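Work through the exercises below with the structure open beside the text. Try each task before reading its solution.

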Amino acid sequence: MNVELSRRAFLLTAGAGVAGTTLGAFGFADIEAAHAAAIRPFKLVNTAETRNTCPYCSVACGVIMYSKGNLKKGEQAEITHIEGDTDHPTNRGTLCPKGSALLGFVKSPTRLQRPMVRRPGSDKFESIGWQDALDRIARLMKDDRDKNFVAKNNDGVTVNRWISTGFLAASASTNETAFATYKVVRSTGMLVFDNQARV
Amino acid sequence: MTNSWTDIRNTDLVVIMGGNAAEAHPCGFKWVTEAKANRGAKLIVIDPRFTRSASVADLYAPIRQGTDIAFLLGLINYCIQHDKVQWDYVKAFTNATYVVKEGFTYKDGLFSGYDEAKRDYDKSTWDYDIGPDGFAVVDETLQNPRCVWNLLKNHVSVYAPEMVERICGTPTDKFLKVAAMVAETSSPTKAMTSMYALGWTQHSKGSQNIRAMAMLQLVLGNIGIRGGGMNALRGHSNIQGLTDLGLMSNLLPGYLTLPTQKEPDLAKYMSTRGFKPLRPNQMSYWQNYKKFFVSFQKSMWGDAATPQNDFAYDYLPKLDVPGYDLLRAFELMHQGKINGYFCQGFNPLQAAPNKKKVIESFSKLKFLVIMDPLDTETARFWENHGPYNDVDPTKIQTEVYQLPSTCFAEDDGSLVNSGRWLQWHWAGGTPPGEAKRDTWIMAQLYLRLKALYAKEGGAFPDPIVKLNWPYADPGNPKAEELAQEINGRALARVTDTADPTKVLAEPGKLLPAFAALRDDGSTACGCWIYSGCFNENGNNMARRDTSDPDDAGFYSKWAFSWPANRRILYNRASADLTGKPWDPSRKVIAWDGQKWSGYDVPDIAPTAKPDQVGPFIMNPEGVSRFFTRGMMRDGPFPAHYEPFESPIVNPVAPKVRGNPAARVFEGDMAQFAEAASKEFPYAATSYRLTEHFHFWTKHVIVNAVMQPEFFVEISEQLAAERGITKGGWVRVWSKRGSVVAKAMVTKRIKPLICDGRTIHIVGIPLHWGFTGAAKKGFGPNMLTPFVGDANIETPEYKAFLVNIEPAPGPVA
Amino acid sequence: MFPPLPNPSTTETAPRLSEKDLIRRSASTVPAPEQRLTEVAKLIDVSKCIGCKACQTACIEWNDTHPEVGAFAGAFENPPDLTPDMFTLMRYSEWDNPETNELEWLIRKDGCMHCADPGCLKACPAPGAIVQYSNGIVDFVHENCIGCGYCIKGCPFNIPRISKVDHTAYKCTLCSDRVAVGQGPACAKACPTQAIVFGTKDEMKGWAAKRVEDLKSRGFLNAGLYDPPGVGGTHVMYVLHHADQPEIYSGLPKDPRISPLVEAWKGVTKYAGLTVLGVAAGVGLLHHLIMGPNRVSEADEEHAEELTEGDSHGRR
C-alpha cells in the first residue's frame, strides 16, 4: 500500500468542510526560504521514520519514531524523537502526556541492559550470561514439573496438569509474543496462567 | 468495545461511569469532544470524584463507589416507569418475552438456590421454560407474570430515586436529571454510548456492574447502532489481545474454554459446548465450536493431533477449580504450594492487592523469573527499601532471574486496541545492551525444555516434545510467522461446504477467514476470531488506507478488526424487523430484500431474513439477555451488594455482606473491616492519574516531573475534621496495612450522605513505588482487600475502608 | 474537527522565517520588512481542555529541556511554576460558580502569549535579545541575552524565566523551528482534544467564534475570546466559558497592559538605540525606571503615558 497516497486520502477526509491547514495557511504563501539565526535547525532532518503504536493504553495511538540510523537498512538505530502520527484515524497525530514522553521510556535510565540473578539470601543482583540464565531456568522448570506434575486425579481421570509453577503474562506485549507464550506455557500443562486483563 | 473509538463521534449522549476517559484515554476522549462540538452531544459523568472527565461534562453526578448497580437499576426502573423503552427493539431483540421456570425467586438479596456454606448457588431454577418442541416458551404479549420483562420490572422496582439516593448518595435531583437525559435516547433516532473501564470491573460484583448498563442499553435500543454500544475502554495496549488469545487460566484462544476434569474426553467436552438454538431458525454460532477447537489443537500439536487421539485432547491440562487466577495464585503461593513463578511484563508486587500478603508469598518461592524492559519492584521484592519495602534479604531464599526484554520501539507485531482493531507496528530502534525480544526468550526456554525432555524423559513429555514449532529459525520465531499461525492454514484442500467445486484454500495456504475452518483436522488456526488477519491477501493488520465513506467512522480498510473485520458488533440490531435502519442517518447495514450490506461487515449471515434470524447470533436464543440463565455465578439479574468493606449496611439486603457468591479465601475475611466500621470510617478508592501509566511511566523522567510524588485526595470537610493541611503529610491505614502520603485537599471530592450517614471519600492514586525516576512512595495496594469479582476475580481495588490522620513524613 | 497538523518531513526543508521578517528587535531598530507574513496564532479552548499536560510533555520533548523531578506541593501544577525548562504549564482552579452552585474545574495552559505589543521586548535592554517576526512570533535570542530579567518585569503575564545555568531568559518560542518549516507547535500537535489548535490568526478567530456559539448554547452566556487589546492582541488566544471573568482562570489578567514605565523606557531605546557599549548605561536607566517603581506615583504614570502615547497608538 502506498502510504503517501493513503495519507492524501486521509487529509482530504479530515479536512472536509474546513480549509486545509497547509504551509500556506501558516502564513508562508509565496515566501522565499531563508533562515533566521535565532531559530533552531529542524531536528528531524535526515532521520529515519518508523510507524508504531503507543504501548501504553488501548486507544493504541499511531506514533512515528524518528531515528538516527535506519534499522530497515540493517543499521544501528537510535531513536531520537517520537510524535503522534497524523495519518492515524484514532489519534490524528495527537498524544497524551504519556505518549508525548514515549522517548523517555525507550531511553529510561532504568531500562534493563543485561540478565541478572539474585542468589538465595543475597542482597544484590549479579550479572549472568543469557545462556547460563536460560539453562538454569529450564532446569528449575523441569525439576519442578517432573516432581509435581499430576497425570491423573484421585478419580483416575487423566488431567495432565502442573500447578506448582505459574506464569503471569503481560498485557502490553504483541499478539505474536502472546501466542508463542501460550504455546510454550500450555504445552507444559501449566494452569496457573493469567494476564493483566483481570487486574 | 462493541463499537470503536472513532464511532463515538456519532453519539448524542456519552455516559462516563466506571471510568475516566479524559484522564485514562485522552486521545480516545477526543471523539467525545468531537461529538459535543459537531453534533451538540451531551456528556454525563457519574463518579465519586469530580474528575478531569467531569471538568468538561454537561452534567456531573456524584456517587459512592461500589453502588453503581443501584444507580443503573434505578435508571432502568425510571425508564420502565416513564415508558421510555424502545419497545420494538426490546420485544424483538431481547429475551423480554421469554418465560422463566417456576421456582426462580429473588428475596432479601438472594436468588433461589443459595448455599451459604459454599457461598454459591444451585442455578437449576435460573432458566427458561422449555416447551414440548424443545424451544424456549415465549409470551409475545408480555402478559405472563413469569416472562423476563415482568420479572425485571419487579426486580428493579425497589431502586426508586429515593432508594438510589440512600444507597449511592446521589442527590435525587441530580439522579433525575441524569435519568431524563438517558431516557431520551430510547428514541430510535437517539444514541447513547457507555464508556467504562476499571471503575466497574474492580469490584466484587464487577461483571454485574457492566451487565446492568448493558441491560439499560438494551431497554433503550442502543446496542448495535452507530454512536451506541457498551464500550469497555480497557487498560493496557494489548489487554484485549492477551484475553482474545486466551492467556488466562481457564481459556483457549478465541474464548474457547479449557476442559475441566469432569470432561475426560472430547465427546464429553463438546456435549456442553456448541449450543443448540433455543428458538427456531437461530444461528447459534457456537455450533461451530468444534471447528475452532480442532483447528486450535492442530495449530498446537500438528500431526500429533489426530482423530484417533481426540486431536490430542489429553495434551491439554484439565481444571479442578474454576480457574487459577491471580488471587488464587498468590493464595497458593502464600500456602507454600507454588515453587516457581514467571512475570512477563507484569509488576504484581505493585499491582496485586494486599501487598503484605504478596511479599510473603514471593518470599516462599524457590524461583522467580522476570522478563521486562524495566527494573520493576517485583524483580526486587527481596531488596530492603526502608518503609517502602521493609524486608530482610537474608531471610528470603528465592532465586530471582531478571531478563531484559525489548520494548515496543524495538519489536514488530500487532496489538489489539479496545475497539478490536489489530494494528501492526514495526521496530525502529536497536535494543539496549543485551535486551532480547520476548519471542526469543520464550523460544530459547522452550528449546531447552524440549531438549531436556528428549534427553532425560520425565513427566508426560509428549505435549512438550511434540509441540508444533514450525519456524525458520526455531530459536527466534519471526512475528510474521506467528501471525500467520494465528490466522491459520489449510492442511488439506478446503472446499465450500455448499459447493464442493469451490476451493477455499489449497494445502499449505493461509486461510481466508474463519468460515473456512473445519473440524476434521484439515485446518489449523491459532485463534479463530483473528482468522483473516494475515491471509493470502497479505498482512491485513498492516493496512493503512484511511478512507471512510461518508465520514461514518468505520475506517474499514485501516488495520483489521476481529471478528471478520467487523467494526460494530451486533450491527444487525441497527436495523428494524424489516431490515431498515432504525435511524437512516445512522445506517450501519440494511436489508435489500436479498441480502445485508452497508458500511460494515454484517453481523449476521448475509442472506438471513430480517424477520426470522435474531441479531445476537452467538446466543442460542438469537436475542440478547436481560435474564442470563445460569451463566453468571451471582445471579441472572444484577442486584445491589455493598463492597466487602462498606461504610453502611446494605439497605436493600441488610443480612448480606458483600457479594454473596464471591470467593473469599480463609483468613482474608478476617482481614476485612466490618460494615459501618468505627475504626475504619472512610470509604477509599484507588485510581490512575492522567500523567502516568500504572507503575510504568515513573521510569520516565518527564512523567515523573508531571506527577513526582505519592499523594491522597480528600475533601475540604474531611481535612478540617481531621486537621489535615494541603500538601501536608498524612497516614492512611486499613485493616491490612498503612501508608504515608501527602494530602491533596480538594473541592473535587465532597462528602456524600448515604443511609443517613456522612460518608467521606479518600482517593488514592496508584503510580509510585521504589524503582524509577519519581520519588519513592507507597501505592494503594498496601491497603486493598484480597477479594475479587464473583465471576472473573478482578480484585476489589475500588472500594474499601480506611482511616486517616495527619502524620510526620516517612522515616527513610 | 480542525484539520490536524501534518506530520513533520524528514527531508531538508529550507526554513521560511528569517531576519528579513523581523518587525521588532529589542533595544535596536530593524528596517520595515518588504513583505509581511500572515499572522499566526495558537487558540487554547479552555472548555475543551482536560488538563492532561500533554502540551507540557510534548513541549519538553520537542525543545529538549530538562525540568527537575520536584515534589508534590498540594496541587496539580507540576512543576509548581514556569521554569527555564518548562515553557508551558497547566494551571488548575477549583471554582464554585455562584450562579449555578456547581463546581467548575477551570484548567488553563499558561505560557507566552506572543503579544502583538510585547512588553518583554520593549523592556529588554540587550540589542537583539528579543525579536518579533511579522507572523507574530516573539522569540528570545540567547546569545544576545544578558540575563537582566527585565523581560519578566515587562511581561504583563509574568512568563519569562532566567536560567541558573546560562543566565539567559527562556520562554515558549511558539516552536519557531517547527513553524519555520510549515509545522505547528508541538503542544498543538499533541493536544488530545484539540483544545489547542494552530493556524492563521484570522482562522483562529473564526474557529473561536464557532466554539463560543456552542458554549452559549450550553448555557455559558459570557463565553468569549480572550485576545486582549491592551497588548495589541495576542498570538496565543483563549476561548473562555467565562470571558467576563478571566481572572478566575488562575489569575489571567482581565486587562493586561505593558507597564507605562516600560513604555517610557521603550521610547528611550527606540530613539537612542543601544550600542554594546551603551548597554550598561541603559541598564542603569532601566533599573531606575523599573526596579524603583514600587514608589510610582500617579503623576509618574501619567507622565509615562504622555511619553509613549504617540508611539503606541501610532503603531497600531
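**Exercise 1: two domains of chain B**

Task: in this predicted model, find how many residues of domain 1 of chain B are in contact with domain 2 of chain B.

Solution.
1. Locate the two domains. The domain assignment of chain B gives 1–91 + 164–234 + 568–639 as domain 1, and 669–806 as domain 2.
2. Count the residues in contact, taking C-beta atoms within 7 Å as the criterion. On the domain 1 side of chain B there are 25 residues, and they touch 27 residues of domain 2 of chain B.
3. Name the elements on the domain 1 side. Those giving two or more residues are α1 (21–24), α7 (161–168), α9 (198–201) and α10 (206–219) of chain B.
4. Sort that side by class: seven residues are nonpolar, ten are polar and eight are charged.
5. Add the distance between centres. Over C-alpha atoms, the centres of domain 1 and domain 2 of chain B are 30 Å apart.

**Exercise 2: chain A against chain B**

Task: state which helix of chain A gives the most to the side that touches chain B.

Solution.
1. Start with the contact. Chain A has 111 residues in contact with 139 residues of chain B.
2. Pick out the helix. Helix α3 (residues 130–148) of chain A gives the most, with twelve residues.
3. Sort the chain A side by class: 58 nonpolar, 34 polar and 19 charged residues.

**Exercise 3: strands across the chains**

Task: decide whether strand β5 of chain A and strand β14 of chain B pair in the parallel or antiparallel sense.

Solution.
1. Find strand β5 (residues 116–118) of chain A and strand β14 (residues 399–404) of chain B.
2. Read the sense: these strands pair antiparallel, over three bridges.
3. Check one bridge: A:Arg118 has B:Val400 in β14(B) as its partner.

Note on methods:
Residues are numbered from 1 along each chain as its sequence is written. Chains are lettered from A and ligands numbered from 1 in the order in which they are written. This is a predicted model: local features need pLDDT of at least 70, side-chain atom pairs count only at pLDDT 80 or more; totals for chains, interfaces and linings use all residues. Domain bounds come from an automatic or database domain assignment. Helices (H or I, at least four residues) and strands (E, at least two) are DSSP runs, numbered from the N terminus. Ala, Val, Leu, Ile, Met, Phe, Trp, Tyr, Cys and Pro count as nonpolar, Asp, Glu, Lys and Arg as charged, and the others, Gly among them, as polar. Two strands pair if DSSP finds at least two bridges between them.
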